[in-house]
Amino acid sequence: MELLLGIDLGTSGTKTVLFDSDGRRLASHTVEYPLYQPKNGWAEQDPEDWWRAVQETVRTVLAKSGAKPEDIRGIGIAGQMHGLVMLDGQGQVLRKAILWCDGRTQAQCDEITRTVGREKLLSITANPALTGFTAGKILWVREHEPENYEKCRHILLPKDYIRYKLTGEFATEVSDASGMNLLDVPKRQWSGEILSLLGIDRSLLGEMYEACQVTGQVTKAAAEATGLAEGTVVVGGAGDNAAAAIGTGVVEEGKAFTTLGTSGVIFAHAGQVTIDTQGRVHTFCSAVPGAWTVMSCTLSAGLSLQWFRNQFCPAERETAAALGVDPYELMTAEAEKSPIGANRLIYLPYLMGERSPLLDSDARGMFFGLSAIHTRGDLVRAVLEGVAYSQRQCLDVFREMGVDVSDMAICGGGGRSPLWRQMLSDLYGCPVKTIASEQGPALGVAILAGVGAGVYDTVAQGCAAAVRTGEKSMPDSGRSAAYEPYYNLYRRVYPALREQFGTLASLE
């Protein structure tokens with residue numbers, strides 16, 4: 001039997017899943033670990049917690065499945081992007097990893113933009129300098145913790161630390177490295193020019209691979225720690241969203257996926273490099289060799305509905321607990337009684353500021369048009385629609401860039417709502433389909449491992465064998481037309497209030 005192992009290193013925990021070559025899940029296990037916030041706006045984790053989680057999840061999956069370790073043909077690792085892991089010359093962790101959601105580096109990002117120049121930075125790295133990205137974190141440590149920077153000999157991304165623990169190799173791959181502000185994204189290699197301008201030694205960075213290339217083999221020590229077979233190949237793997245793209249079959253032009261989790265992401269495949277000169281969306285290297293992706297990230301998608309549930313729906317939560325159902329089902333049932341446009345009510349989903357396509361940390365959420373006629377169902381529907389409008393606005397940027405999207409998959413908790421899926425289909429103007437497996441990133445890197453191990457000839461062939469779709473929502477032209485005036489008004493509300501949002505942020 002040919003088996004493939006996918007390790008998904010997330011922010012809340014690590015999930016390891018064992019698949020057969022047809023994409024069937026044989027066993028999975030998740031281990032959580034803490035997030036440290038030593039100051040407001042900071043976010044760190046201990047890489048040793050990640051490694052302990054990998055050891056436990058791998059051993060548990062092997063035990064649950066009864067699989068023979070030698071039957072595992074290859075291992076792929078998906079990971080939270082942008083985090084900074086620093087090791088000394090003996091491979092020991094120097095400090096806790098600074099994570100993607102850490103916001104301490106705005107001054108360093110401004111320095112990068114001044115030093116490199118905004119246009120040059122966009123043309124080479126395909127993205128502006130953002131606090132989430134890795135380069136600013138490196139400069140922050142160099143400025144504030146010079147003793148750690150002086151000792152540093154290796155800079156890795158989170159998943160690449162696990163690669164090091166499994167194989168002893170210091171390596172990365174193009175999809176994850178795209179989110180560092182250090183990669184020449186069009187050329188798929190480290191940018192010597194950017195590294196020189198920022199004063200970062202190239203020797204600190206790992207060797208660069210494609211996502212499906214073999215980067216090393218499981219060492220004897222790692223085999224003893226995990227129960228894996230010594231010599232099992234480990235491929236490049238991918239950043240979490242790039243891995244999810246493989247796990248949802250987004251490997252050809254015209255295909256994309258939407259994730260409605262805490263944040264909202266649209267991730268589209270592109271056959272060539274396409275860069276938004278305004279920096280509203282991100283361009284990364286794809287986990288498919290020779291291809292790229294365009295990605296948006298809105299910060300408060302599912303978070304908006306969760307916030308509304310927690311603050312204003314105690315009755316629904318109590319009733320749902322008594323009935324043994326999800327409270328979101330009761331909330332969306334109320335929303336279905338409200339018409340398109342939520343009786344002339346529009347919600348801006350900027351609870352945490354906004355990233356795509358506004359790039360405004362001062363933006364805030366609001367209900368526009370609230371009146372005494374509105375019911376709780378109207379408010380829930382306005383939240384659902386406001387999040388859908390934000391995704392449509394990002395998709396409009398993709399299409400403006402010439403990135404075609406005609407086939408949309410959906411995943412994340414919000415994707416389980418038939419009402420939300422239908423809204424997106426009507427607003428996107430294309431079918432929106434679910435994926436049968438909910439193991440998107442883990443399945444994606446398992447497929448990449450299959451390519452590296454020779455189980456599949458290409459990534460597309462692996463997806464054809466392992467990815468299966470579920471329910472499909474089709475756009476309705478009448479509903480699409482009904483949404484348009486509300487969507488157009490939604491787009492005009494934020495620009496009218498941009499200055500006021502900045503004033504509000506400045507008040508004590």
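This short presentation describes the domains, an annotated residue, the nonpolar cores and the aromatic rings of one protein chain.

Good morning. Please keep in mind throughout that the structure before you is a predicted model.

I begin with the overall division of the chain. The protein chain is divided into domain 1, covering 3–236, and domain 2, which is made up of 301–396 + 479–506. If one takes the C-alpha centres of domain 1 and domain 2, they lie 34 Å apart.

Next, a residue that carries an annotation. In an unreviewed entry, UniProt lists Asp240 under "active site". Where does Asp240 lie? Asp240 belongs to helix H10, residues 240–247. Is Asp240 buried, exposed or partly exposed? Its relative accessible area is 25%, so Asp240 is partly exposed; the buried class ends at 20% and the exposed class begins over 50%. Leaving aside residues up to four places away in sequence, Asp240 touches Gly79, Gln80, Met81 and Pro441.

A second acidic residue may be set beside it. Glu316 is found in helix H12, residues 314–323. Because its relative accessibility is 6%, Glu316 counts as buried. With residues up to four places away in sequence again left out, Glu316 touches Pro327, Leu330, Met331, Glu334 and Arg376. Between the C-alpha atoms of Glu316 and Gln90 there is a separation of 55 Å, and these two residues are 226 residues apart along the chain.

I turn now to the nonpolar interior. The largest nonpolar core has 51 residues, and those touching the most other members are Leu384, Phe398, Met408, Trp420 and Tyr428. Which helix gives the largest share of this core? That helix is H14, with twelve residues. Phe398 deserves a moment of attention: beyond residues up to four places away in sequence, Phe398 touches Ile266, Ala268, Val281, Val294, Met295, Ser296 and Val403. There is also a second, separate core of 45 residues, and Ile246, Phe284, Ala446 and Val451 are included in it.

My last topic is the aromatic rings. A pair of aromatic rings is described by two quantities, the distance of the centres and the angle of the planes. How many aromatic pairs does the structure hold? There are 14. One of them joins Trp307 and Phe308, with 6.3 Å centre to centre and 70° between the planes, an edge-to-face arrangement. The two partners can be described by their accessibility as well. Trp307 has a relative accessible area of 28% and is therefore partly exposed, whereas Phe308, at 1%, counts as buried.

Another pair is formed by Tyr389 and Tyr487. Their ring centres are 6.0 Å apart and their planes stand at 45°, so this pair is tilted. Tyr389 sits in helix H14, residues 376–400, and Tyr487 in helix H18, residues 477–506; the pair therefore ties together parts that are 98 residues apart in sequence. Tyr389 and Tyr487 are both buried.

Ring pairs also build a cluster, which links Trp307, Phe308, Phe312, Tyr347 and Phe367.

Finally, charged side chains can be found over rings here. Lys96 lies over the face of Tyr36, 4.8 Å from the ring centre. In the case of Trp42, Arg104 lies over the face of the ring, at 3.6 Å from the ring centre.

Thank you for your attention.

Key:
Residues are numbered from 1 along each chain as its sequence is written. This is a predicted model: local features need pLDDT of at least 70, side-chain atom pairs count only at pLDDT 80 or more; totals for chains, interfaces and linings use all residues. Side-chain values use heavy atoms; hydrogens and water are left out. Rings of Phe, Tyr and Trp (its six-membered ring) pair if their centres lie within 6.5 Å; planes under 30 degrees apart count as stacked, over 60 as edge-to-face and the rest as tilted. Buried means under 20% relative accessible area, exposed over 50%, partly exposed in between (1.4 Å probe, protein chains only). Helices (H or I, at least four residues) and strands (E, at least two) are DSSP runs, numbered from the N terminus. A charge sits over a ring if NZ of Lys or CZ of Arg is within 6 Å of the ring centre and within 35 degrees of the ring normal. Domain bounds come from an automatic or database domain assignment. UniProt positions are given in the numbering used here, feature names are shortened, and annotations may be inferred rather than shown by experiment. Contact means heavy atoms within 4.5 Å. A nonpolar core is a set of buried Ala, Val, Leu, Ile, Met, Phe, Trp, Tyr and Cys residues joined through side-chain atoms within 4.5 Å.
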